[in-house]
Structures are given as structure tokens and as C-alpha cells.
Amino acid sequence: MRSLYSSMGEGQSKRLKDVEIGFPIVYGTISFWLGKKASEYNSHKWTVYVRGATNEDLGVIVKRVVFQLHPSFNNPTRVVESPPFELSESGWGEFEIAITLFFHSDVCDKQLDLYHQLKLYPEEDGGPQTTKKPVVVETYDEIVFSEPSEAFFLRVQNHPAAIVPRLPSGLNLPPTGPPEPVLEKKRGDTKDHPYAQWFMNFSEADELLKLAAARQQVQAHIVKLRRQLSMIDGLPQQSKAASGQ
């Protein structure tokens, strides 16, 4: 889990104390052997990507993603400005790819650095390579934004990629307007991705999402109890001071 504090740009609304918003993500690579087209220095085509755990659009929080490839590639620093956040290349060697996420101004002013090892060859030794079954390596993670602004909360509270807990008692926000219509050509989810059949199934993420939401509720309750205890701890001291007067 990656915990980040939401940004508070100039003119933004106040922070929501004891509130967290979670976004489950998956990052990884998928590689295909080129078969008869393979050469010594160009044996595989591959794609590196960051996606929502249930293939929802991450563009609601992510502004751009920078992929840092091996220095042997032309222009090894690749910037993707819109979803889906991915890039495709071809080559022959395995290496570590640095993935940096930059967020919209109302989300977070800090970047998030991830690292992923590109795998071209299956783990099973001795088996022949095939052009039909790719090598897929993915990592599940969760980005949690603490104390979001009211504006950020209202913007994403109904988004399917977000885990939004119930607000603490006594905290009320203005109702949101109707969601903006999303044009089909602007859709940034990966549900109809050409490689979707090969993506690892994180629909168990439904259970993970429930657990994450429950964890956030527990954490908020712990914070509330700590505040109450700190107030109680102060009472005897005040009583002693009063009795000594």
C-alpha cells in the first residue's frame, strides 16, 4: 500500500480529516515471442502498463506516467500523457523499468515511483516458447490518499476505480451534481484492451476492496479513539490543578 497526502493547492477547499480514498492499481508487463520473425537482437515484443485493478480508468487521478527504459533504447524516457498508461516496444533483453506516476493538481503534488522487472521468458525451464501464450507479470498495489480536499473527494466519490469510505459522523458535504457524460472515444479504462484476456484476474480485488474499505474505517475509528483518550488523559491533571488551588 502506498500512502500519500492529498495536495492543497491555492484556492482549494479544506481537508477532510480522518478520511482516506483508495485506488487499487496493477502495474506490469506482457511479452510475446516473435517466433519465426525473431532475431538475435529482436526476439520479443512487449508492453508495460499501469491499469486499474478492475480495469477502471485511472485518468481520474493520474495526469501522466513516465516509463524509464534501459539506456540502450532510443529516447529511453517515455512520457504517456493520457490513459491507457502504457507503451510498447521490442527487444531481446530483460531489465528493470522505472514507472513514475504524476497526479492531477487536486490529488497529490508528489510523484509515486514504482519499479518492475521486464520478463520475456517463462519461468518453467525446458518448455518450448510459443507465440500464442505471452509471459505476463503483474503487481497489485493500492494508492491511498489521506486527508483529501473536499473538491477531490466530491470529484471521485462516485468513480468506480475509487474506494471511498463513509464520512465520519458529523461531517457533511454538499451533494454532487450529475456525473459528466463520458464520450466513448475518451474512455480510458482497459476493459476492452486487446490484451485483456491475458491480464491477471483481480476481480478478487472485489474482496480486497472490501477489506481495504474496512481497514480504512478501522483506522479512522482508531484516530477518533486516540483523540478521545488524549482528552480523557488531560482531565485528571486539570482536576488536580483545580484541587490544589
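## Exercises around Thr-47 and two sheets

The side chain of Thr-47 makes a polar contact with the side chain of Ser-88, at 2.6 Å. This comes from a predicted model.

**Exercise 1.** Place Thr-47 in its strand, and decide whether Thr-47 is buried or exposed.

*Solution.*
- Step 1. Thr-47 lies in strand S3, which spans residues 44–52.
- Step 2. The relative accessible area of Thr-47 is 3%. Buried means under 20%, so Thr-47 is buried.
- Step 3. Look at the strand as a whole. Eight of the nine residues of S3 are buried.

**Exercise 2.** Work out which strands pair with S3, and name residues that stand opposite each other.

*Solution.*
- Step 1. Take strand S2, residues 20–33. S2 and S3 run antiparallel and are joined by nine bridges. Here Tyr-27 stands opposite Val-50.
- Step 2. Take strand S6, residues 85–91. S6 pairs with S3 over seven bridges, also antiparallel. Here Thr-47 stands opposite Ser-88.
- Step 3. Check the contacts. Thr-47 touches Gly-28, Thr-29 and Ile-30, among others. Its contacts also include Glu-86, Leu-87, Ser-88 and Tyr-195.

**Exercise 3.** Find the edge strands of the open sheet S5-S4-S7-S8, and explain what being at the edge leaves open.

*Solution.*
- Step 1. Four strands follow the order S5-S4-S7-S8, with antiparallel pairing.
- Step 2. S5 (77–80) and S8 (112–117) stand at the edges. Each has a single partner strand, so one side of each lacks a neighbour in the sheet.
- Step 3. From one strand to the next, the twist averages 20°.
- Step 4. Inspect one pair. Four bridges join S4 (residues 62–68) to S5. Phe-67 stands opposite Arg-78 in S5.

Conventions: Residues are numbered from 1 along each chain as its sequence is written. This is a predicted model: local features need pLDDT of at least 70, side-chain atom pairs count only at pLDDT 80 or more; totals for chains, interfaces and linings use all residues. Side-chain values use heavy atoms; hydrogens and water are left out. Buried means under 20% relative accessible area, exposed over 50%, partly exposed in between (1.4 Å probe, protein chains only). Helices (H or I, at least four residues) and strands (E, at least two) are DSSP runs, numbered from the N terminus. Two strands pair if DSSP finds at least two bridges between them. A polar contact is a pair of N or O atoms within 3.5 Å; within protein, one must be able to donate a hydrogen and the other to accept it, and residues adjacent in sequence count only if both atoms are side-chain atoms. Contact means heavy atoms within 4.5 Å. Axes are lines fitted to C-alpha atoms, for helices over the stretch in contact, and angles run from 0 to 180 degrees between N-to-C directions. Lists of a residue's contacts leave out its neighbours within four places in sequence.
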